[in-house]
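Trainee: I have a structure to learn from today. Could you go through it with me, one question at a time?

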Amino acid sequence: MKASRVGMDEMRPSSGAAAHLGLASLFPPGLQAIYGECRRLYPDQANPLQVTAIVKYWLGGPDPLDYISMYRNMGCPGQDVPEHWHYVSLGLSDLYGDNRVHEFTGLEGPSGFGFELTFRLRREAGETAPPTWPAELMQGLARYVFQSENTFCSGDHISWHSPLDNSESRIQHMLLTEDPQMLPVQTPFGLVSFLQIVGVCTEELQAAQQWNGQGILDLLRGVHIAGGPWLITDMRRGETIFDIDPHLQERVDKGIETDGSNLSGVSAKCAWDDLSRPPEDEDDSRSICIGSQPRRLSDKDTEQIREALRKGLEINSKSVLPPISSQRHSHDRPQSRKDSLESESSAAIVPHELVRTRQLESVHLKFNQESGTLLPLCLRGRLLHGRHFTYKSINGDTAITFVSTGVEGAFATEEHPYAAHGPWLQILLTEEFADQMLADIQDLCTREMSKLPKEYSWPDKKLKISVLPDTVFDSPLQ
C-alpha cells in the first residue's frame, strides 16, 4: 500500500459540463456515490490523502480495499468533540458493478458486503498528516470479511489482542458502531452503510462480551476521554472506563442480570470427543478423532452456525439460529418470545438426509483458555436467560452449541441432552445443571489461570470439560 493524493483527481470529474460529457463514465459509480457522501462532510477537502492498494485485490493483490481516504475533522466544540483524523474505506461495497469483485444483486439489496469501515483517531498536537497505520488495520479487517464472508454490524466486538498501532497502548481490541456523521448511501449497485471502528481496552472488550457491545458503546460515549459522543479513539488513553468511573461496572453487572448477554457465539479454539464409544471402533462417530479428519459440516449447518454467530452480535435482535431445512427470512411475521433454533414458520428442524442426528451418552469438551473463560458468560448470560451459545472452531468444522430447555427446535432434548450433526454438537442443559456448573467453574471468571490444563467433571451427567493450552489446538492432531 502507498499513501498519495493521486487517483481521485485523476478520475474525478471536476464539475460542470465536463463532468457530464464523458469524464463521469471514467469514475466508478459506486466509488462516486461514496465520495459524494464524503464531499458532503468535507467540501473543502476535495483531494484527500489516500492509502491505495498498489496491486488491486481483483488483480491478485493482498489488500481487499482499493483505497482508504483520510480526512482532517475539526470536531465539534459545542459537543466537546476534539479534532481528529477520519478514515473511510473503499472496497467492501461494490465500487464497479461489473462483477470484478462483488456480485451485483440488485438495487434493493446491499452493495457488496453492504458497508464500508470508518475510523476516528484523535489528532496529536503538532500532527500535520494522518498516521497511516489505521489503513493497515482496516485492510486486516477487510481480509477477514472477504475470506470468511462474515459481515460486521453495529455492536460487534473484535478481539485483536495487540495494540492497534503496534505500540505499547492499552487499546488492543475493537467495537463497531454506526458512524455518527456519515449517512447510508444508495449507490447504483445497492445500499452502503458506514461502520465505525472504536478502539477499546481488554476490560471493555470483556464487558462487551459479557453484556453487549451497544451497552458498552453507550458507556464510552458518556466518558469524554474514552471516546465521547463521536467515539474517537485515543491511543494514548491509559485508563479504562471502569478505572475512570468505577460505578460503570455496576451498570454492566445490572445489565447482564437484567438483559443477559447478546453474544450468541464466538469463533474459538475448541474440540469435542464422543466418549460413548471406544476410539478403536471403526464406526466411531466422534467429531474429533486423533489422527483422523473430522467430518465436515454440511453447507446448511455451516450457514446456520455462521448466521448464529452474526446474529448473536446484533443488538435488539433475537439470537436465533436459522433453520437447517430452510434459509428463508420473513420480516412480516412477528417473532416468538422464546429463543429458537427453528424456522420462523415454526417448522421443526428436519435433519438433512446425508447427516443423521446422533444421540451421545457421554462427551468431553475441550477449550483453550480464552474460550474457557467465556463458559461462565455462556451459562450466566445466555442459558439462564433461556438462550443458546455456540463455539465455532477456527481450526475446522467443529462447533459446540449449548442450549437451554427454553430453546425450541434444537436436536438435543432433555431425554437425549447430547446430540450431534456431523461435527456439530449440541448440549442441552437444564437450569438446575447450568446453576451447578456455574458454581463449579467460578475460577474461570478470573482469566488468570496460571496452571493448565484444568479439568471439570460431572460423572452423573457424563460430561467432562478440559481447558487446555493453545498448543494443543495448534497441533494438527488436536
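Trainee: Which residue forms a salt bridge with R170?

Mentor: Good place to start, and keep in mind that this is a predicted model. A salt bridge needs a side-chain nitrogen of Lys or Arg within 4 Å of a carboxyl oxygen of Asp or Glu. For R170, the closest N and O atoms of such a pair are 3.2 Å apart, and the partner is E203.

Trainee: How many residues apart in sequence are the parts that R170 and E203 tie together?

Mentor: Let's place both residues. R170 sits in the loop between β6 (157-159) and β7 (173-178), while E203 belongs to helix α5 (residues 202-210). The pair therefore ties together parts whose separation in sequence is 33 residues.

Trainee: Is E203 buried, partly exposed or exposed?

Mentor: Here you need the cut-offs: buried is under 20% relative accessible area, exposed is over 50%, and partly exposed lies in between. E203 has a relative accessible area of 34%. So E203 is partly exposed.

Trainee: Which residue does D470 meet in a salt bridge, and where does that partner lie?

Mentor: The closest N and O atoms are 3.6 Å apart, and the partner of D470 is K269. D470 lies in helix α13 (residues 470-474), so the pair ties together parts 201 residues apart in sequence. D470 is partly exposed at 35%, whereas K269 counts as buried at 15% relative accessibility. As for its place, K269 lies in the loop between β10 (265-268) and β11 (270-274).

Trainee: Which residue is linked with D63 and R143 in a network of salt bridges?

Mentor: Begin with the pair you named: the side chains of R143 and D63 meet in a salt bridge of 2.7 Å, N to O. R143 is in helix α4 (residues 133-148) and D63 is in the loop between β2 (49-52) and β3 (67-73), 80 residues apart. D63 is buried, with a relative accessible area of 7%, and R143 is partly exposed at 21%. The network links these two with E136.

Trainee: How many salt bridges does a search of the whole structure find?

Mentor: We have looked at some pairs, including R170 with E203 and D470 with K269. For the total, the search covers the whole structure, and the count is 17.

Trainee: Why is helix α11 largely enclosed by the rest of the structure?

Mentor: Look at how its residues, 375-382, are placed. Among the buried ones are L375, C378 and R382. Helix α11 is largely enclosed because its buried residues number 7 of the 8.

Note on methods
Residues are numbered from 1 along each chain as its sequence is written. This is a predicted model: local features need pLDDT of at least 70, side-chain atom pairs count only at pLDDT 80 or more; totals for chains, interfaces and linings use all residues. Side-chain values use heavy atoms; hydrogens and water are left out. Helices (H or I, at least four residues) and strands (E, at least two) are DSSP runs, numbered from the N terminus. Buried means under 20% relative accessible area, exposed over 50%, partly exposed in between (1.4 Å probe, protein chains only).
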